[in-house]
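Here are my notes on the model you sent over, as numbered points. Have the structure open while you read.

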Amino acid sequence: DRRRGGRVTFDRARPVAVIGGAGFIGQHVCRELRRRGLIPWVLDTFVHGELSKDAARVAGAICDVDARSAYEIRAILAVQAVEITLNLATVSVRACLRDPFRGAADLAAIGAAVPLACARVGVRRYVYVSSSEVYGEATDGPLHESDTARPGTVYGAGKLAGEHFADAARISGALPEVVIVRPFNAYGPRCHVTGEDAVEAIPRWMVQAARGEPLTINGDGQQTRDFTYVEDLACGIVDAALSDACVNAGPVNLCSGVERSVDSIA
């Protein structure tokens with residue numbers, strides 16, 4: 001929170017590397033960085049084709065690079081002496097369900113390769129975008145950062161591993177500054193409504209409603225979620241990335257703070 005002492009103390013003339021910047025949340029993060037006068041530099045594999053590339057054109061530069069390759073990332077970051085790197089690269093939940101062994105391996109590679117590459121080229125601040133999935137199923141009301149992480153999916157376990165890789169790089173002295181954020185249930189413009197990544201309830205229901213189809217609700221619909229608008233999440237991610245108050249301070253939840261039942265949203 002900038003009102004509580006957060007400061008921007010880095011060279012704003014240098015680009016901010018956004019790995020996974022062509023993804024759903026990443027696109028909005030790039031726009032938020034640009035809105036604040038910063039230069040987002042997108043590193044992505046553009047798995048969603050031309051839509052991804054079009055969405056990333058707000059960036060100062062676009063690089064086709066695999067987040068699992070520390071060597072590729074290191075070479076690109078070194079060119080512009082990047083000081084801050086945001087890691088939003090991930091594997092979809094559905095891909096992890098379809099092939100948990102491959103999903104786990106890819107998530108671990110992303111979580112490990114990026115901070116190690118950043119450390120080798122002198123990146124000062126590494127921002128890891130984790131997920132609320134690390135908590136698993138909540139049993140006692142709202143989740144807080146102090147709650148024990150008990151991921152119940154390969155996706156959640158892989159994201160938690162990425163947090164530990166970031167912390168290990170910091171504790172070993174390889175990275176001086178680490179920020180970890182945990183977004184909750186993003187929805188909003190540019191969300192995926194087709195393909196393997198179209199798994200979130202709200203976009204799925206919007207498509208069904210537009211077609212005049214009944215809305216698919218798993219279970220009794222009384223399970224609760226914190227649905228958070230993607231532009232709010234992007235603002236929170238950038239706030240955390242630029243705030244000294246979030247550096248080496250443990251994970252930060254990014255959410256609306258309001259639990260809503262799946263049935264009520266439907």
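1. A bit of vocabulary to start: two strands count as paired if DSSP finds at least two bridges between them. With that in hand, look at E1 and E2, which pair in the parallel sense over four bridges. Val16 has Pro40 as its bridge partner in E2. Keep in mind throughout that this is a predicted model.

2. Staying with E2, how many of its residues are buried? Five of the five are, so E2 is largely enclosed by the rest of the structure. Both of its faces are covered: Pro40, Val42 and Asp44 lie on one side, Trp41 and Leu43 on the other, and all of them are buried.

3. E6 tells a similar kind of story. Seven of its seven residues are buried, so E6 too is largely enclosed by the rest of the structure. Glu177, Val179, Val181 and Pro183 point one way from the strand, while Val178, Ile180 and Arg182 point the other way. Note that the buried set includes Glu177 and Arg182.

4. Which strands pair with E6? One is E5, in the parallel sense over five bridges, with Tyr128 standing opposite Ile180. Another is strand E10 (residues 251–254), also in the parallel sense, over four bridges. There, Val181 has Val252 as its bridge partner.

5. Now helix H1, residues 24–35. Its twelve residues reach 17 Å from the first C-alpha to the last, close to the 16 Å expected at 1.5 Å a residue. H1 is mostly covered, with nine of the twelve residues buried. Among them are Phe24, Ile25, Val29 and Leu33, but also Gln27, His28 and Glu32. Just after the helix, Gly37 takes a positive phi of about 85°.

6. Two of those H1 residues come back in the largest nonpolar core. This core has 32 residues, and the ones touching the most other members are Ile25, Val29, Leu86, Leu88 and Ile237. Two or more residues come from each of E1 (16–19), H1, E4 (84–87), E5 (125–129), E6 (177–183) and helix H8 (230–242). H8 is the biggest contributor, giving eight residues. There is also a second, separate core of 29 residues, including Ala17, Ile73, Ala95 and Ala166.

7. Leu88 is a good residue to click on. Leaving aside neighbours within four places in sequence, Leu88 is in contact with Val18, Ile19, Gly20, Ile25, Gly26, Val29, Val129 and Ile237.

8. Helix H3 (residues 70–79) has a clear sidedness. Its buried residues are Ile73, Ile76 and Leu77. Why do they sit on the same side of H3? Because they cover an arc of only 100° around the axis. Tyr71 and Val79 are exposed on the other side. The buried residues pack against E1, E2 (40–44), E3 (61–64), E4 and H5. Just after H3, Ala81 takes a positive phi of about 50°.

9. Asp106 deserves a look as well. This residue is found in helix H5 (residues 100–120). Is Asp106 buried or exposed? At 13% relative accessibility, Asp106 counts as buried, since the cut-off for buried is under 20%. Apart from neighbours within four places in sequence, Asp106 is in contact with Arg68 and Val91.

10. Gly188 sits in the loop between strand E7 (186–187) and helix H7 (201–210). With 16% relative accessibility, Gly188 counts as buried. Beyond its neighbours within four places in sequence, Gly188 is in contact with Phe24, Tyr229 and Val230, and Phe24 is one of the buried residues of H1. Gly188 and Pro203 are 15 residues apart in sequence, yet 8.0 Å apart in space from C-alpha to C-alpha.

11. Last, the cysteines. How many disulfides does a search of the whole structure find? Zero. Cys63, at 16% relative accessibility, counts as buried, whereas Cys255 is partly exposed, with a relative accessible area of 34%. Cys30, in H1, is also among the buried residues.

Technical notes:
Residues are numbered from 1 along each chain as its sequence is written. This is a predicted model: local features need pLDDT of at least 70, side-chain atom pairs count only at pLDDT 80 or more; totals for chains, interfaces and linings use all residues. Side-chain values use heavy atoms; hydrogens and water are left out. The expected span of a helix is 1.5 Å times one less than its number of residues. Buried means under 20% relative accessible area, exposed over 50%, partly exposed in between (1.4 Å probe, protein chains only). A nonpolar core is a set of buried Ala, Val, Leu, Ile, Met, Phe, Trp, Tyr and Cys residues joined through side-chain atoms within 4.5 Å. Contact means heavy atoms within 4.5 Å. A disulfide is a pair of cysteine sulfur atoms within 2.5 Å. The arc is that of the directions from the helix axis to the C-beta atoms.
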